[in-house]
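Subject: Structure for you to look at

Hello,

Here is the structure I said I would pass on. Please open it first, then read the notes below with it on the screen.

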Amino acid sequence: MFSKIASTAALRGASRMFSTARAVPMARATTPLALAAAAGVAGLSLYSLPQLQLEGPRTIAGEYKTAGERSFIMIKPDGVSRQIVGKIIDRFESRGYKLVAIKSVVPSEQLAKEHYADLSARPFYPSLVKYITQGTPVVAMVWEGKDVIRQGRRMVGATNPLEADPGSVRGQYAVSVGRNIIHASDGFDSATKEIGLWFNESEIAQYEPCTWPQIMADN
């Protein structure tokens with residue numbers, strides 16, 4: 001009788017653990033206690049279950065600190081006008097990162113304001129919005145790969161091109177902070193916000209280049 005009650009309680013507990021409001025994959029929603037409960041109900045040993053490695057949260061920006069991490073990169077109107085889009089894309093591809101979404105779009109004023117909402121109190125905010133919405137398109141992209149957010153920022157270079165490393169995009173192609181060619185997400189939270197602002201989940205491709213295991217492997 002006790003074992004029947006315990007099994008029922010464990011089953012209910014496991015069901016609650018696996019049913020999350022955020023609808024994340026089951027493997028990411030489980031905990032050791034939930035695994036133990038599920039194993040007990042199924043008559044399995046906890047040690048026979050696969051070992052899980054939780055690296056970080058999963059959002060539209062992929063999974064933080066894994067090869068599935070994603071960053072938002074935008075080539076601004078001056079970069080498009082100067083016809084160096086292909087050269088910038090080549091830098092990311094040559095590094096080994098995977099292009100999973102791309103579009104050319106003339107941003108609306110609302111979109112530009114939402115994208116730069118964190119700068120709304122700065123004196124240059126109105127001119128920044130006007131610059132991004134001038135009529136020349138921007139090229140919005142999502143790149144995927146290990147540490148792509150941090151490395152993308154390093155490849156882009158400092159906000160002020162005069163302080164950017166010579167090998168960076170801004171260090172090679174720009175001299176003015178008001179025309180610094182490119183934008184890159186500065187963290188996982190901003191990547192989640194920006195990718196979700198510019199793209200729908202359905203617009204992000206799920207594929208694996210034939211060289212992917214060789215590029216992303218640790219050994």
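UniProt, in an unreviewed entry, lists His-183 as "active site". The model you have is predicted, and in it His-183 is found in strand β6. Is His-183 buried or exposed? Its relative accessibility is 13%, and buried means under 20%, so His-183 counts as buried. Not counting residues up to four places away in sequence, His-183 touches Phe-72, Ile-73, Met-74, Lys-76, His-115, Arg-170 and Glu-194.

One of those partners, His-115, lies in helix α6, which covers residues 109–115. His-115 is also buried, at 3% relative accessibility. With residues up to four places away left out, His-115 touches Phe-72, Met-74, His-183, Lys-193, Glu-194, Leu-197 and Trp-198. Phe-72, Met-74 and Glu-194 therefore appear in the contact lists of both histidines, where contact means heavy atoms within 4.5 Å.

Next, the strand that holds Phe-72 and Met-74. Strand β3 spans residues 70–75, and 6 of its 6 residues are buried. In a regular strand, side chains alternate between the two faces of the sheet. Which residues of β3 are on each side? Arg-70, Phe-72 and Met-74 are on one side, Ser-71, Ile-73 and Ile-75 are on the other, and both faces are covered.

β3 has two pairings to look at. With strand β5 (residues 138–144) β3 pairs in the antiparallel sense over 6 bridges, and the bridge partner of Ser-71 in β5 is Trp-143. With strand β6 (residues 182–184) β3 also runs antiparallel, joined by 3 bridges. There, Ile-73 stands opposite Ala-184.

Val-138 is a residue to select in β5. Val-138 is buried, with a relative accessible area of 0%. Beyond its neighbours within four places in sequence, the contacts of Val-138 include Met-74, Ile-75 and Lys-76, as well as Val-105, Pro-107, Ile-132 and Trp-198. Val-138 and Val-106 are 32 residues apart in sequence, but their C-alpha atoms are 6.2 Å apart in space.

Now the pocket. Rolling a probe the size of a water molecule over the atoms shows where empty space is left. The largest pocket holds about 650 Å³ of space. The elements that give two or more residues to its lining are α7 (125–132), β6 and α10 (188–198). In total, 25 residues line the largest pocket, and those nearest its centre are Tyr-116, Leu-119, Phe-124, Leu-128 and Thr-159.

The unreviewed UniProt entry also has something to say about "binding site", for which it lists Lys-76, Phe-124, Arg-153, Thr-159, Arg-170 and Asn-180. Which residues from this set are in the lining of the largest pocket? The lining takes in Lys-76, Phe-124, Arg-153, Thr-159, Arg-170 and Asn-180.

I looked at two of these residues in more detail. Arg-153 is found in helix α8, residues 148–156. Its relative accessible area is 35%, so Arg-153 is partly exposed. Apart from neighbours within four places in sequence, Arg-153 is in contact with Ala-184, Ser-185 and Asp-186. Thr-159 lies in the loop between α8 and α9 (169–173). Thr-159 is partly exposed too, with a relative accessible area of 46%. Not counting residues up to four places away in sequence, Thr-159 touches Arg-170, Val-177 and Asn-180; Arg-170 and Asn-180 are also on the "binding site" list.

For the protein as a whole, there are 11 helices and 6 strands. Buried residues make up 39% of the 219 residues. Among contacts between residues at least 6 apart in sequence, 73% join residues at least 24 apart.

Last, the confidence of the prediction. The average pLDDT is 83, and 75% of the residues score at least 70. Where does pLDDT stay under 50? Residues 1–39 are one such stretch, and the model has 29 contacts for them beyond four places in sequence. Residues 41–53 also stay under 50, with 14 such contacts.

Regards

Definitions and conventions:
Residues numbered from 1 in each chain as written. Predicted model: local features only at pLDDT ≥ 70, side-chain atom pairs only at ≥ 80, totals over all residues. Heavy atoms only, no water. UniProt positions renumbered as here; feature names shortened; annotations may be inferred. 1 Å grid on protein atoms, 1.4 Å probe; cavity = no way out; pocket = protein on both sides within 12 Å on 5 of 7 lines; lining within 4 Å. Helix = DSSP H or I, 4+ residues; strand = E, 2+ residues; numbered from the N terminus. Buried < 20%, exposed > 50% of the residue type's maximum accessible area, 1.4 Å probe, protein only. pLDDT = per-residue confidence, 0-100. Pairing = 2+ DSSP bridges. Points joined across faces, edges and corners; volume = space filled by probe spheres on them.
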